[in-house]
Each structure stands twice: as structure tokens, then as C-alpha cells.
Amino acid sequence: AELAGAPVTALIEDDARRKVCGGKVLIRIRLACDEVAWVTEPRPLFLLAARLAYLPQFYDSVHEHFKSFLPPLTGQAKEVWFDYNGVPLRWHYPFGVL
């Protein structure tokens, strides 16, 4: 009965929480279906990112992972944006807040 109202963090020992989370979050990034210029959809990119990291820090690695599946850029600037269930993610918020 006492545990029912306790916050989850109180139920996990500090050492175990540090080992499991380590201040990082697992992120799965997929290329939008309408951006795929290939017969098959590319495999998603999985990143283990610090909770205090920001989306722009990963632009280059995301582009590198998906570049062979993207349509060619003919004189156009590279545009990268992220969303979750159709809602754009704010690039100036750290992952731990998103």
C-alpha cells in the first residue's frame, strides 16, 4: 500500500538507475516514407544520446546514415527536420525534455 503512491524513482535503487539510464535516452530515427528514393525503406538509425544533447548535434550522423536513400540534391540546400507522430520537434530543447 505504501509503494502505490511512491514515485517510480523511489522504487529503483540509485546505483541500478545510474547503470540502466546513465543519463541517456535511446532514440530511433526513421526516414519519412515520402523521402525515400529507393525500392526498400532504410533501416532506422538508433542513437544513445545524452539527455542534455540537442537535435542539431546529430544532423551529420543522421544524414550520413540515410544519404544513399535520399533523392539527389541538385543545387538545393540540405534540409533536416524531425517530428514525432506528425508533430515537429523543437530543435532547441534537449532530448530529455522532448
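**Pocket, surface and contacts in a predicted model**

Colleague: Into how many nonpolar, polar and charged residues does the lining of the largest pocket divide?
Modeller: This is a predicted model, and its largest pocket is lined by 34 residues. Sorted by side-chain character, the residues of that lining come out as 22 nonpolar, four polar and eight charged.

Colleague: How much space lies in the largest pocket?
Modeller: Its centre is the place to start: of the lining residues, I29, R30, W81, F82 and D83 lie nearest to it. The space in this largest pocket is about 1100 Å³.

Colleague: Which element gives the most to the lining of the largest pocket?
Modeller: Around this pocket of about 1100 Å³, the elements that give two or more residues to the lining are β1, α3 (59–66) and β3 (83–84). With five residues, the one that gives the most is β1.

Colleague: What pattern does the protein follow along the sequence?
Modeller: The protein has three helices and four strands. Read in sequence order, these elements follow the pattern α-α-β-β-α-β-β.

Colleague: What share of the 98 residues do buried residues make up?
Modeller: A residue is buried when its relative accessible area is under 20%. F95, in the segment after β4 (87–88), meets that cut-off because its relative accessibility is 12%. Across the 98 residues of the protein, the buried share is 17%.

Colleague: How far apart in space are F95 and I27, C-alpha to C-alpha?
Modeller: In sequence, F95 and I27 are 68 residues apart. In space, the separation between their C-alpha atoms is 8.9 Å.

Colleague: Is L26 buried or exposed?
Modeller: L26 sits in strand β1, which covers residues 24–29. Exposed means over 50% relative accessible area. L26 has 63% relative accessibility, so L26 counts as exposed.

Colleague: How much accessible area does the nonpolar patch of L26, F46 and L48 have together?
Modeller: L26, from strand β1, forms this patch on the surface with F46 and L48. Taken together, the three residues have an accessible area of about 360 Å².

Colleague: What distance separates the C-alpha atoms of R28 and L45?
Modeller: R28 is also placed in strand β1, and it is exposed because its relative accessible area is 53%. Along the chain, R28 and L45 are 17 residues apart. Their C-alpha atoms are separated by 5.7 Å.

Colleague: Which residue meets K67 in a salt bridge?
Modeller: Side chains of opposite charge can pair when their charged atoms come close. The structure holds one salt bridge. In that bridge the N to O distance is 3.1 Å, and the side chain that K67 meets is that of E64.

Colleague: Why does K67 count as partly exposed?
Modeller: Partly exposed is the class between buried, under 20%, and exposed, over 50%. E64 falls in this class because its relative accessibility is 48%. K67 falls in it because its relative accessibility is 41%.

Colleague: What is phi of N85 near?
Modeller: N85 lies in the loop between β3 and β4. With a relative accessible area of 67%, N85 is exposed. Its phi is positive, in a residue other than glycine, and is near 55°.

Colleague: What distance separates the C-alpha atoms of L52 and P94?
Modeller: L52 is in the loop between β2 (45–50) and α3, and L52 counts as exposed because its relative accessibility is 71%. Along the chain, L52 and P94 are 42 residues apart. The distance between their C-alpha atoms is 5.0 Å.

Key:
Residues are numbered from 1 along each chain as its sequence is written. This is a predicted model: local features need pLDDT of at least 70, side-chain atom pairs count only at pLDDT 80 or more; totals for chains, interfaces and linings use all residues. Side-chain values use heavy atoms; hydrogens and water are left out. Patches are made of residues with over 30% relative accessible area and no salt bridge: like charges are joined within 9 Å, nonpolar side chains (Val, Leu, Ile, Met, Phe, Trp, Tyr) within 5 Å. Accessible areas come from the Shrake-Rupley method with a 1.4 Å probe; for residues, only the protein chains shown count as cover. A salt bridge is a side-chain nitrogen of Lys or Arg within 4 Å of a carboxyl oxygen of Asp or Glu. Buried means under 20% relative accessible area, exposed over 50%, partly exposed in between (1.4 Å probe, protein chains only). On a 1 Å grid over the protein atoms alone, a cavity is a set of points where a 1.4 Å probe fits but cannot get out, and a pocket is an open set with protein on both sides within 12 Å along at least five of seven lines; lining residues have an atom within 4 Å of a point. Grid points are joined across faces, edges and corners, and a volume is the space filled by probe spheres set on the points. Ala, Val, Leu, Ile, Met, Phe, Trp, Tyr, Cys and Pro count as nonpolar, Asp, Glu, Lys and Arg as charged, and the others, Gly among them, as polar.
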